[in-house]
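Visitor: Please show me the empty spaces in this protein, and tell me how each one earns its label.

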Amino acid sequence: MNDTPSRVVAFTGSAGALADYGVRERIVGIFGEASSEQLLGELDTADVTVIGDTWGEFDLEKYATLEPDLLVTDSYVPDRLWYVPDDNLTRIRSANPNVVAVEIANQRLLDIIERYRSLAEALGADTTSAAVAAAEQRFAEAAQAVRDAVAARPGLRVLAASANPQLFYVSDPRVSADLRFFTELGVDLVVPDQVDPGGFFQSLSWETADRYGADVILLDDRSIGMSPQALAEQTVWRGLPAVRAGQVAPWSPIFRFSHAATAPLLERLAATIRDANKVI
């Protein structure tokens, strides 16, 4: 790209992260979970065109009408674009060949955040603004709060999971950027010993959902997973030590990669650990 793109279409989380670093007017369209306040952040949907909300939705006509000169999204699997339908990729690229896919899996959180910050800078944003500096400071303080909470609760074992009526998914912290960062801050996260193909988690039948002991469970808070209330019908779930102790906290696996967005997630984790006790 020789000229700075002026019309950007992006995955909602990507657009939100760019907005956190000062890119606003250049973002003309978003797709994927476009109603998520967590992904949108300060981005106002009234200022952009939504070309898709749920998985598989991507309005090619709207996309072409926007005349984008850059598409930005995350990539969790090599050669796959997050929320961009594979069968339409050729047509999407024909309308706009300039694509930035930010690699997410097996990457360090701070590296991904810096990637978005650098992209925002390349798009003309002032990434040294007072708002960005304040977000960085809050992030640093939140990270230290997690370290302090871990030090105050030695030996606390934490498990990150998702669930549906058939299976209990134990997430691999080595793959997920946020969980990996939690371990860097000292959190003792369960590492599954037999990860499913794809590498993100180990799926367990409900009969074996108690395979890994944990004092705290971080439960996927997306609508595609079961809530603690829905899980209350599961006998094995009710018997897990963390559940019996009331030490189940929300976990947001999909978020926007900026200091402003991740600081609250760290603050939530710090509070969860501070309030927890050893139960295994």
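Guide: In this predicted model, the second largest cavity holds about 50 Å³ of space.

Visitor: Why is the second largest cavity called a cavity?

Guide: A cavity is a set of points where a 1.4 Å probe fits but cannot get out, so the label follows from that test. The volume of this one is about 50 Å³.

Visitor: What makes Phe181 a lining residue of the second largest cavity?

Guide: A lining residue has an atom within 4 Å of a point. Phe181 is listed in that lining, along with Leu109, Asp178, Phe182, Phe255, Thr262, Leu265 and Leu266. Helix 7 and helix 11 each supply at least two of the residues.

Visitor: What makes the lining of the second largest cavity six parts nonpolar, by residue count?

Guide: Leu and Phe count as nonpolar, Asp as charged, and Thr falls among the polar. The lining therefore divides into six nonpolar, one polar and one charged.

Visitor: How many cavities of 30 Å³ or more does the structure hold?

Guide: Two. The largest has a volume of about 90 Å³. Helix 11 gives four residues to its lining, the largest share. Among the lining residues are Trp251, Arg268 and Thr272.

Visitor: Why is the largest pocket called a pocket and not a cavity?

Guide: A pocket is an open set, whereas a cavity does not let the probe out, so the two labels exclude each other. The volume of the largest pocket is about 840 Å³. Of its 37 lining residues, Trp82, Phe200, Phe201, Arg222 and Ile254 are the closest to its centre.

Terms used
Residues numbered from 1 in each chain as written. Predicted model: local features only at pLDDT ≥ 70, side-chain atom pairs only at ≥ 80, totals over all residues. Heavy atoms only, no water. 1 Å grid on protein atoms, 1.4 Å probe; cavity = no way out; pocket = protein on both sides within 12 Å on 5 of 7 lines; lining within 4 Å. Points joined across faces, edges and corners; volume = space filled by probe spheres on them.
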